[in-house]
Amino acid sequence: MNISTRLLSVLEGVRIAFDALRANRVRAGLTIMGVAVGVFVVVALSSVVQGVNESFARDVEAAGPTSFFVYRRPIGGFQVCDGTDETCPERRNPMITMDEVAMIERLPIVRSVTAHVATDGRFRYKDRTLNAGIEAYTANWTDVDAGDINPGRSFTSAEYSAGARVVILNTHLAQRLFYESDPIDKRVFIDGVAFTVIGIYDYTASPMGTPTAAAEGNDPKAIIPWTTGKTALNMWTLGNNLIVKPRAGVTAEEGVDAVTAALRGARGLRPSQPSNFAIVTQDRLMEIYNELFGTFFVVGLSLSSVGLLVGGVGVVAIMMISVTERTREIGVRKALGATRATILWQFLVEAVTLTSIGASVGLVLGILTAIGIRTAWPEIPASTPLSSVVAALLASAVTGVIFGMIPALRAAKLDPVAALRHE
């Protein structure tokens, strides 16, 4: 069979598939819907995951490409821990003290160290109350954050040292408490303690928040001095963690080695003893993140495979009915010289056409979903990767071939004489 004949056969199969759609709208609609749901899940999920990946990577890099994080205890994607010392021996790790922060800051290779603790609290302004996250930082926190303060300002080193009761509200918390009025220099109460609003914080990076955040980027939250959090709100400083930013020209590995040696020396750890703190680089943080979101993505793919399976079963059903209804036509074509391969090819083209229509519908819906998410939440740059488009179309074609093979083989094996006698 030459190329032109093959092309005509494909076009004929497509035409017959559309005729079958018009003649059996309900059956065809169910088949298309099953495939469309499966493709939609794949495309929408991959679009969102790609957007969150870009946003999270941008958020982590906001601290600086060589910055890293110091925690009291290890963090991980799926750690088994029931809260006891047997399964979580790191629970006995000492807190990272502010004296250790000062020691790390004195290292020649370190540019700055930002200490941080997080919790949540009850906010009140006049008759409006709500719960929101609270981030307590040292005064240099803006060196490692991608957000912007406008209007207003951050707290000064003097306010930090004095434990001043000043607060920076993010835009979501400010809108919830003050609506359209200007919150600058107004007083809000956090767990009953009065604070003066000095700035409005617009978070421009990941909706996941920083790796040490008490709330996601889109959630209402406030930022206060670390000293104020300890003295005025009695925040849990045992969870103190650090963002370390090395000087220019210093790699993350060099910074990690220097901080590790300094902390182990300050804590009197012998070479045979494990570190009683955890240092996490950006690469490791991304590994943990990908581990978590990779699991969600696999779950999504599993759900989408169910949709494709439903669509595939629909293809078998509709094509079997089509073979039965067109038995006499098949007999006529065989009597006129059509081979088994010709009949098989025609029915496979019909099956792939059905699944391709479903894939196109799911693809369009998935792309529209990505656009909607990107429009509603600009901090999530959701976009449909070309690989997802190709994978969706290939998956639909493979589904059509696999599930269309049974009815196609049945049609190809029909005896022409018996087929011509079929009523």
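Ala, Val, Leu, Ile, Met, Phe, Trp, Tyr, Cys and Pro count as nonpolar, Asp, Glu, Lys and Arg as charged, and the others, Gly among them, as polar. With that in hand, let's look at a pocket.

This is a predicted model, where local features need pLDDT of at least 70 and side-chain atom pairs count only at pLDDT 80 or more, while totals for chains, interfaces and linings use all residues. Residues are numbered from 1 along each chain as its sequence is written, and side-chain values use heavy atoms, leaving out hydrogens and water.

**The second largest pocket**

A pocket is an open set of points on a 1 Å grid over the protein atoms alone, with protein on both sides within 12 Å along at least five of seven lines; lining residues have an atom within 4 Å of a point. The second largest pocket has a volume (the space filled by probe spheres set on the points) of about 210 Å³. Its lining divides into 6 nonpolar, 4 polar and 2 charged residues, including Tyr71, Arg72, His116 and Trp236. Strand β2 (residues 110–125) gives the most to this lining, with 3 residues. Strands (E, at least two residues) and helices (H or I, at least four) are DSSP runs, numbered from the N terminus.

**Two residues in helices**

Buried means under 20% relative accessible area, exposed over 50%, and partly exposed in between (1.4 Å probe, protein chains only).

| Residue | Helix | Relative accessible area |
|---|---|---|
| Val52 | α2 (residues 25–61) | 7%, buried |
| Ile367 | α10 (residues 340–376) | 32%, partly exposed |

Val52 and Ser383 are 331 residues apart in sequence, yet 9.9 Å apart in space, C-alpha to C-alpha.

Terms used
1 Å grid on protein atoms, 1.4 Å probe; cavity = no way out; pocket = protein on both sides within 12 Å on 5 of 7 lines; lining within 4 Å.
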